[in-house]
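Visitor: I should like to go through this model step by step, with the reasoning set out for each answer. Where shall we begin?

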Amino acid sequence: MGFSTKKRFIAGVVCPKCSALDRLVGFSNEGVDFRECISCGFKDQLRIMSPPRVLQTRVNKIPINTDEEARPVRLFDD
Ligand SMILES: [Zn+2]
C-alpha cells in the first residue's frame, strides 16, 4: 500500500489537468490509492504496481539448512 487514508500532499508533483504544482494530495480508500488535485478537483486512481520478482528470488536464496553437515560425527571406540 502506498498512501494512508489520511490525505497528504505529494511534494513536487504537477497536476496533469491544471498544471498546478504541489496541489496534489495522495490518499488511500479501501485499499486503492488515489491522487487528487485540490486546485481543480482532478482525481485519479493510482495503479498498484506488482512487487518485483527480485523479492521472490531473495526468498529462494535463503540458505538451505545444512543440518546433516553440522551434525557432529560420533566415534565409537572399541
Ligand atoms: Zn489540478
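**A loop glycine and its surroundings**

Guide: Gly 12 has 8 C-beta neighbours inside 10 Å and therefore counts as exposed. The model under discussion is a predicted one.

Visitor: Where is the place of Gly 12 in the chain?

Guide: Strand S1 covers residues 8-9 and strand S2 covers residues 24-29. The place of Gly 12 is in the loop between S1 and S2.

Visitor: How far apart in space are Gly 12 and Asp 22, C-alpha to C-alpha?

Guide: Asp 22, like Gly 12, belongs to the loop between S1 and S2. In sequence, Gly 12 and Asp 22 are 10 residues apart. In space, their C-alpha to C-alpha distance is 5.6 Å.

Visitor: Is Asp 22 buried, exposed or partly exposed?

Guide: Asp 22 is not a glycine, although its phi is positive, at about 60 degrees. A residue is buried with 20 or more other C-beta atoms within 10 Å and exposed with 12 or fewer. Asp 22 has 14 C-beta neighbours inside 10 Å, so it counts as partly exposed.

**The sheet**

Visitor: In which order do the elements of the chain run from the N terminus on?

Guide: The chain holds two helices and four strands. From the N terminus on, the strands precede the helices, and the elements run β-β-β-β-α-α.

Visitor: What is the order of the strands in the open sheet?

Guide: S1 and S2 run antiparallel and are joined by two bridges. S2 is joined in turn to S3 (residues 32-37) by six bridges, again antiparallel. Four bridges join S3 to S4, which also run antiparallel. The open sheet of four strands, with antiparallel pairing, thus has the order S1-S2-S3-S4.

Visitor: Which are the edge strands?

Guide: The sheet is open and has the order S1-S2-S3-S4. An edge strand pairs on one side only, and this applies to S1 and S4 (43-46).

Visitor: Which residue in S4 stands opposite Arg 35?

Guide: One row of partners can be followed across the sheet. Arg 8 stands opposite Gly 26 in S2, and Gly 26 stands opposite Arg 35 in S3. The residue in S4 that stands opposite Arg 35 is Asp 44.

Visitor: What is the bridge partner of Phe 34 in S4?

Guide: S3 and S4 are joined by four bridges. Arg 35 of S3 stands opposite Asp 44. For Phe 34, the bridge partner in S4 is Gln 45.

Visitor: Which residue in S3 is the bridge partner of Val 25?

Guide: S2 and S3 are joined by six bridges. Among these strands' residues, Gly 26 stands opposite Arg 35. Val 25 has as its bridge partner in S3 Glu 36.

**Hairpins and the segment before S1**

Visitor: Is Glu 30 buried or exposed?

Guide: Glu 30 lies in the loop between S2 and S3, in a hairpin with two residues between the strands. Glu 30 is not a glycine, yet its phi is positive, at about 55 degrees. Exposure requires 12 or fewer other C-beta atoms within 10 Å. Glu 30 has 5 other C-beta atoms within 10 Å and so is exposed.

Visitor: Which residue takes a positive phi in the hairpin of S3 and S4?

Guide: The hairpin of S3 and S4 has five residues between the strands. The residue there with a positive phi, near 90 degrees, is Gly 41.

Visitor: Which residues does Lys 7 touch, not counting those up to four places away in sequence?

Guide: Lys 7 has its place in the segment before S1. With 16 other C-beta atoms within 10 Å, Lys 7 is partly exposed. Its C-alpha is 7.9 Å from that of Ser 28, a residue 21 places away in sequence. The residues that Lys 7 touches are Val 25 and Phe 27.

**The chain as a whole**

Visitor: What percentage of the residues of the chain count as buried?

Guide: A residue needs 20 or more other C-beta atoms within 10 Å to be buried. Of the 78 residues of the chain, the share that count as buried is 5%.

Visitor: Where in the chain is confidence lowest?

Guide: The average pLDDT of the chain is 81, and 67% of the residues score at least 70. Confidence is highest in S1, at 95. At a mean of 56, it is lowest in helix H1 (residues 54-60).

Methods: Residues numbered from 1 in each chain as written. Predicted model: local features only at pLDDT ≥ 70, side-chain atom pairs only at ≥ 80, totals over all residues. Pairing = 2+ DSSP bridges. Contact = placed C-beta atoms within 7 Å. pLDDT = per-residue confidence, 0-100.
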